[in-house]
Amino acid sequence: QVQLVESGGDLVQAGESLRLSCTISSRTFVFNHMGWYRLAPGKQRELVASIHNDGTTNYADSVKGRFTISRDTAKNTVYLQMDSLKPEDTAVYYCNYPPGWFPPGYTYWGQGTQVTVSS
């Protein structure tokens, strides 16, 4: 059983900041590599940031310099600090393994957290 609980989404104005949290609970899987995705209406789910077990991070070009991914291993929590938000950041945000790291047969996703950025 896996629980991924995303939180922290809100309605904000362009230029403001938000910090998303993802709390992970699992007795079966180890989440050494994590990512934040987003899904906007009419678009495909997009990986925006990832963090790996050695601490390296990667970002989509669209968020580079504005978003920061981090993790607190002791709290089993991954964060996404989002600064200088733009209307095009509006989406439902999810956390999960980055592409290529999903275990065989793994199909879990959380409910996501809505981020809405007004202009």
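**Methionine 82, the core and the disulfide**

Leaving aside residues up to four places away in sequence, methionine 82 touches Glu16, Ser17, Leu18, Leu20, Arg66, Phe67, Tyr93 and Val115. These contacts, like everything described below, are read from a predicted model.

Methionine 82 is also a useful way into the interior, for Met82 is listed with Phe31, Met34, Trp36, Leu80 and Tyr93 as the residues that touch the most other members of the largest nonpolar core, a set of 29 residues. The elements that give two or more residues to this core are strand 1 (2–7), strand 3, strand 4 (34–39), strand 5 (46–51), strand 7 (67–72), strand 8 (77–82), strand 9 and strand 10 (113–118). Among these, strand 3 supplies the largest share, with 4 residues. As a general matter, nonpolar side chains in soluble globular proteins tend to be buried together.

Which cysteines are joined by a disulfide? The structure holds 1 disulfide, and this bond runs from cysteine 22 to cysteine 95, with an S to S distance of 1.9 Å. The link of cysteine 22 and cysteine 95 is right-handed, with 60° about the S-S bond. Distant parts of the chain are linked by the pair, since cysteine 22 lies in strand 3 (residues 18–26) and cysteine 95 in strand 9 (residues 91–96), 73 residues apart.

Are the two ends of this link, cysteine 22 and cysteine 95, buried or exposed? Cysteine 22 counts as buried because its relative accessibility is 0%, and cysteine 95, with a relative accessible area of 0%, is buried as well; the cut-off for buried is under 20% relative accessible area.

Technical notes: Residues are numbered from 1 along each chain as its sequence is written. This is a predicted model: local features need pLDDT of at least 70, side-chain atom pairs count only at pLDDT 80 or more; totals for chains, interfaces and linings use all residues. Side-chain values use heavy atoms; hydrogens and water are left out. A disulfide is a pair of cysteine sulfur atoms within 2.5 Å. Buried means under 20% relative accessible area, exposed over 50%, partly exposed in between (1.4 Å probe, protein chains only). A nonpolar core is a set of buried Ala, Val, Leu, Ile, Met, Phe, Trp, Tyr and Cys residues joined through side-chain atoms within 4.5 Å. Contact means heavy atoms within 4.5 Å.
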